[in-house]
Amino acid sequence: GSLSISSTLRFVAASDAAFGEGLSPELESALQSLSPGEREVIALRVLLDGLGLDLQELLDPKGKWGAK
């Protein structure tokens with residue numbers, strides 16, 4: 001089945017204990033300085049990028065809010 005945004009965010013929240021595992025100390029420190037909500041946005045962007053999807057296109061498929 002497909003992943004919903006809410007199930008993705010629940011996964012991110014559940015795996016927050018292992019957050020930063022295997023990252024460089026600099027990147028881990030930068031990510032830990034973000035709020036949980038900001039980390040969720042980063043995780044969602046990375047997930048969508050890995051799937052070849054564009055967040056702006058998903059949220060605004062007709063381009064009404066896009067930069068001109």
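Helices here are DSSP runs of at least four residues, numbered from the N terminus. With that in hand, the predicted model is easy to lay out: the chain has four helices and zero strands. Walking along the sequence, the pattern reads α-α-α-α. The chain counts 68 residues, and 15% of them are buried. Its accessible surface comes to about 5,500 Å², with 59% of that belonging to carbon and sulfur atoms.

Helix α3 is a good place to look more carefully. This helix covers residues 36–50. Its 15 residues reach 21 Å from the first C-alpha to the last, which is close to the 21 Å expected at 1.5 Å a residue. The buried residues of α3 are Arg39, Leu44 and Leu48. Looking down the axis of α3, these buried residues fall within an arc of 170°, so they line one face of the helix. Flip to the other side of α3 and the picture changes: Arg45, Val46, Asp49 and Gly50 are exposed there.

Among the buried residues of α3, there is an arginine, Arg39. Arginine 39 counts as buried because its relative accessible area is 9%, and the cut-off for buried is under 20%. What does the side chain of arginine 39 have beside it? A polar atom of that side chain lies 2.8 Å from the backbone oxygen of leucine 34.

Next comes the stretch that follows the helix. Just after α3, glycine 52 takes a positive phi of about 75°. Leucine 53 sits in the loop between α3 and α4, the latter being residues 55–59. Is leucine 53 buried, exposed or partly exposed? With a relative accessible area of 40%, leucine 53 is partly exposed, because that value falls between the 20% limit for buried and the 50% limit for exposed. Leucine 53 also belongs to a group on the surface: together with Leu51, Leu58 and Leu59, Leu53 makes a nonpolar patch of about 400 Å².

How values were computed:
Residues are numbered from 1 along each chain as its sequence is written. This is a predicted model: local features need pLDDT of at least 70, side-chain atom pairs count only at pLDDT 80 or more; totals for chains, interfaces and linings use all residues. Side-chain values use heavy atoms; hydrogens and water are left out. Helices (H or I, at least four residues) and strands (E, at least two) are DSSP runs, numbered from the N terminus. Buried means under 20% relative accessible area, exposed over 50%, partly exposed in between (1.4 Å probe, protein chains only). A polar contact is a pair of N or O atoms within 3.5 Å; within protein, one must be able to donate a hydrogen and the other to accept it, and residues adjacent in sequence count only if both atoms are side-chain atoms. Accessible areas come from the Shrake-Rupley method with a 1.4 Å probe; for residues, only the protein chains shown count as cover. The expected span of a helix is 1.5 Å times one less than its number of residues. The arc is that of the directions from the helix axis to the C-beta atoms. Patches are made of residues with over 30% relative accessible area and no salt bridge: like charges are joined within 9 Å, nonpolar side chains (Val, Leu, Ile, Met, Phe, Trp, Tyr) within 5 Å. A salt bridge is a side-chain nitrogen of Lys or Arg within 4 Å of a carboxyl oxygen of Asp or Glu.
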